[in-house]
Amino acid sequence: MAGPLTVPWMPPHDPGTPALSVVDMHTGGEPLRIVLAGCPEVVGPTLLAKRRYMRQHLDHVRRRLMFEPRGHRDMYGAVLVPSELPDAHLGVLFLNNEGYSSMCGHAVLALGRFALDFGLVPAPPSDAQEALVNIHCPCGLVAAFVECEGCRSRGPVRFHSVPAFVLATDFLVDVPGRGKVVVDIAYGGAFYAFVSAEKLGLDVCSAKMGDLVAAASAVTEAVKAQFKISHPDSEDLAFLYGTILTDGKDTYNEEPTTNICVFADEQVDRSPTGSGVTARIALQYHKGLLELNQTRAFKSSATGSVFTGKAVREAKCGDFKAVIVEVSGQAHYTGTASFIVEDDDPLRDGFLLK
């Protein structure tokens, strides 16, 4: 009989391919896989250049961690990289089932905890109630505020967004099979189309997930074909990330408003979507439905998890009137893992089922 395993123990693997060590978290049910070690150096003078480099040269890392058999089509990830910004504590590249996001609010909420707990930021004063974590995202610098006791995180995290703005309101888009639909397009670190699910004949709270995904994906493809997305700072940010279906309750109310986000390649966000909440707050403020520092709750129709958000001050992004949005939510740790490949594995870089 074989003796007991010693820990740590690594099964047979390709010695020329480093194991990818990760910490897994979730925020409101939406997963985040943070790469601790094993990713080759991501080269580039700026974060956006690093994002381009990873897409062109290291995409196998994304596929191995996001795709089956190590992940699933709705897995989400983060690779930590150095930042060129002097005020940033860390830079991050976001991974999804299609490619590389420009912003991810649920990940920022999780990374705030992670950065404090893993010593990536200076230790806060012993009597501090919050620790500041400046995270350089592809869309810009995002400040996270982490509730803490000493050098350990506890409770929720909040972040202040990059300037969020409205690109278009009441844009009429022809959605194949669904007719003409009025949508709004807003930016919260990523661009989203917003439409009430009711306009597509669906109830965002009770419809089957497959029907919501199909409808949101149809809107996304139609907007991509019929509307030119532009960003005043960088063409790297000028793309429609997805569509957020809402319950249509945009006028301020103390009760939560429900939405669901379908992004990348029909990926479903389990959380209320941090960058989506940011953009939706900017949209409501733009329409005069929300005042500064008026907090709203946003609920995911997938899991029932809740984020809160508010516009904290006005700003500018190029010629666009914008707002800085504060989003709050709770992240949790779920585990750690080391992922390997064997050199004779034909599925070493993963696969997705449609």
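**Exercise 1. Strand β15 and its neighbours**

Task: In this predicted model, identify the residue of β15 that is the bridge partner of Thr 258, and describe how β15 is paired on either side.

Solution.
1. The bridge partner of Thr 258 within β15 is Lys 299.
2. Strand β13, residues 257-263, is joined to β15 by three bridges, and these two strands run parallel.
3. Strand β16, residues 306-317, is joined to β15 by four bridges, and here the strands run antiparallel. Within β16, Gly 309 is the bridge partner of Arg 296.
4. β15 and β16 form a hairpin with five residues between the strands. In this hairpin Gly 304 takes a positive phi near 85°.
5. As to solvent, β15 (residues 296-300) is mostly covered, with four of its five residues buried.

**Exercise 2. Two consecutive hairpins**

Task: Trace the chain from β9 through β10 to β11, and state how many bridges join each pair of strands.

Solution.
1. β9 covers residues 164-175, and β10 covers residues 179-187. Eight bridges join them in an antiparallel arrangement.
2. One point of register is Val 166, whose bridge partner in β10 is Ala 186.
3. Three residues lie between β9 and β10 in their hairpin, and Gly 177 in the turn has a positive phi of about 80°.
4. β10 is in turn joined to β11, residues 191-196, by four bridges, again antiparallel. Ile 185 stands opposite Ala 193 in β11.
5. The hairpin of β10 and β11 has three residues between the strands, and Gly 189 takes a positive phi near 100°.

**Exercise 3. Unusual backbone geometry**

Task: Determine where Asp 170 and Thr 273 lie, whether each is buried or exposed, and which residues a cis peptide bond joins.

Solution.
1. The background is that most residues other than glycine have a negative phi, and most peptide bonds are trans.
2. Asp 170, although not a glycine, has a positive phi of about 55°. Asp 170 is found in strand β9. Its relative accessible area is 55%, so Asp 170 is exposed, the cut-off being over 50%.
3. Thr 273 likewise is a residue other than glycine with a positive phi, near 80°. Thr 273 lies in the loop between β14 (267-268) and α5 (274-286). Its relative accessibility is 3%, so Thr 273 counts as buried, the cut-off being under 20%.
4. The cis peptide bond joins Glu 68 and Pro 69, with omega about 5°. Pro 69 is found in the loop between α2 and β3.

**Exercise 4. Packing of α1 against α2**

Task: Classify the mutual orientation of α1 and α2, and list the residues through which they meet.

Solution.
1. Helix α1 (residues 47-57) and helix α2 (residues 59-66) pack at an angle of about 75°, their axes being 5 Å apart.
2. Angles of 65 to 115 degrees count as roughly perpendicular; α1 and α2 are therefore roughly perpendicular to each other.
3. From α1, Met 54, Arg 55 and His 57 meet Asp 59, His 60 and Val 61 of α2. By class, this contact has two nonpolar, two polar and two charged residues.
4. The buried residues in α1 are Leu 47, Leu 48, Ala 49, Lys 50, Arg 51 and Met 54. Their cover includes α2 together with β3, β4, β5 and β6.

**Exercise 5. Surroundings of Tyr 333 and Thr 220**

Task: For Tyr 333 and Thr 220, give the element in which each lies, the degree of exposure and the residues touched beyond four places in sequence.

Solution.
1. Tyr 333 lies in strand β18, residues 331-339. Its relative accessible area is 31%, so Tyr 333 is partly exposed.
2. Beyond four places in sequence, Tyr 333 touches Val 23, Asp 24, Met 25, Arg 113, Phe 114, Asp 117 and Phe 118. With Asp 117 there is also a side-chain polar contact of 2.6 Å.
3. Tyr 333 and Thr 295, which are 38 residues apart in sequence, are 27 Å apart in space, C-alpha to C-alpha.
4. Thr 220 lies in helix α4, residues 209-226. Its relative accessibility is 6%, so Thr 220 counts as buried.
5. Beyond four places in sequence, Thr 220 touches Leu 240, Gly 242, Thr 243 and Val 262.

Technical notes:
Residues are numbered from 1 along each chain as its sequence is written. This is a predicted model: local features need pLDDT of at least 70, side-chain atom pairs count only at pLDDT 80 or more; totals for chains, interfaces and linings use all residues. Side-chain values use heavy atoms; hydrogens and water are left out. Buried means under 20% relative accessible area, exposed over 50%, partly exposed in between (1.4 Å probe, protein chains only). Contact means heavy atoms within 4.5 Å. A polar contact is a pair of N or O atoms within 3.5 Å; within protein, one must be able to donate a hydrogen and the other to accept it, and residues adjacent in sequence count only if both atoms are side-chain atoms. Two strands pair if DSSP finds at least two bridges between them. Axes are lines fitted to C-alpha atoms, for helices over the stretch in contact, and angles run from 0 to 180 degrees between N-to-C directions. Angles under 35 degrees count as roughly parallel, over 145 as roughly antiparallel, 65 to 115 as roughly perpendicular and the rest as oblique. Ala, Val, Leu, Ile, Met, Phe, Trp, Tyr, Cys and Pro count as nonpolar, Asp, Glu, Lys and Arg as charged, and the others, Gly among them, as polar.
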